[in-house]
Amino acid sequence: MSDIKIQAIKPFTLRDADTGSLVSIADGSVVTMDATLGGQLISDGLAVEFTLITPTGKKTITDTSETDVTAYATAQV
């Protein structure tokens, strides 16, 4: 069984298959779960697959417009 990281885009509650306990997942929370269940939650519109971006490289900014530097480790203005 493989796992997947998902990020909730709507709050939801699941029943833990092992314990029977209810588990609430808040909007924006990132959790690791079984890929089958995670895929179903994504398909149902409750979550999206979560991928952590590792910033690398340097972005040189030469103007005053808004620039997304999320993917870069550093930015030089």
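**View 1. The surface and charges of the protein chain.** Roughly speaking, the protein chain exposes about 5700 Å², with carbon and sulfur atoms supplying 52% of that area. Accessible areas here come from the Shrake-Rupley method with a 1.4 Å probe, and for residues only the protein chains shown count as cover. This is a predicted model, so local features need pLDDT of at least 70 and side-chain atom pairs count only at pLDDT 80 or more, while totals for chains, interfaces and linings use all residues. Residues are numbered from 1 along each chain as its sequence is written, and side-chain values use heavy atoms, with hydrogens and water left out. As for charge, the chain carries 5 positive and 10 negative side chains, and the centres of the two sets sit 6 Å apart. Lys and Arg count as positive, Asp and Glu as negative, with His and the chain ends not counted; each charge is placed at NZ of Lys, CZ of Arg, CG of Asp or CD of Glu.

**View 2. The overall fold of the protein chain.** One helix and seven strands make up the secondary structure, in the order β-β-β-β-α-β-β-β from the N terminus. The radius of gyration is 18 Å, well over the 11 Å that the globule rule gives for 77 residues, so the chain is more spread out than a compact globule. That radius is taken over C-alpha atoms, and the rule is 2.2 Å times the number of residues to the power 0.38. Along its principal axes the C-alpha trace spans about 55 × 25 × 20 Å. Helices (H or I, at least four residues) and strands (E, at least two) are DSSP runs, numbered from the N terminus. Buried residues come to 14% of the 77, where buried means under 20% relative accessible area, exposed over 50%, and partly exposed in between (1.4 Å probe, protein chains only).

**View 3. Strand 1 and its two partners.** Strand 1 covers residues 3-8. Its side chains alternate: Ile4, Ile6 and Ala8 point to one face and are buried, while Asp3, Lys5 and Gln7 point to the other and are not. Five bridges join strand 1 to strand 4 (residues 30-34), running antiparallel, and lysine 5 has threonine 32 as its bridge partner there. Strand 5 (residues 47-49) also pairs with strand 1 in the antiparallel sense, over three bridges; here alanine 8 is matched with alanine 47. Two strands pair if DSSP finds at least two bridges between them.

**View 4. A close look at isoleucine 4.** Isoleucine 4 is buried, with a relative accessible area of 14%. Leaving aside neighbours within four places in sequence, its contacts (heavy atoms within 4.5 Å) include Val31, Met33, Ile42 and Glu49. Leucine 37 is 33 residues away in sequence but 9.0 Å away in space, C-alpha to C-alpha.

**View 5. The hairpin of strands 2 and 3.** Strand 2 (residues 12-15) and strand 3 (residues 22-25) run antiparallel and share four bridges. Leucine 14 has valine 23 as its bridge partner. Six residues lie between the two strands of this hairpin, and glycine 20 in the turn has a positive phi of about 85°.

**View 6. Serine 65 and valine 77.** Serine 65 sits in the loop between strand 6 (58-60) and strand 7 and is partly exposed, at 45% relative accessible area. Its C-alpha atom is 26 Å from that of leucine 52, 13 residues away along the chain. Valine 77, in the segment after strand 7 (74-76), is exposed at 82%.
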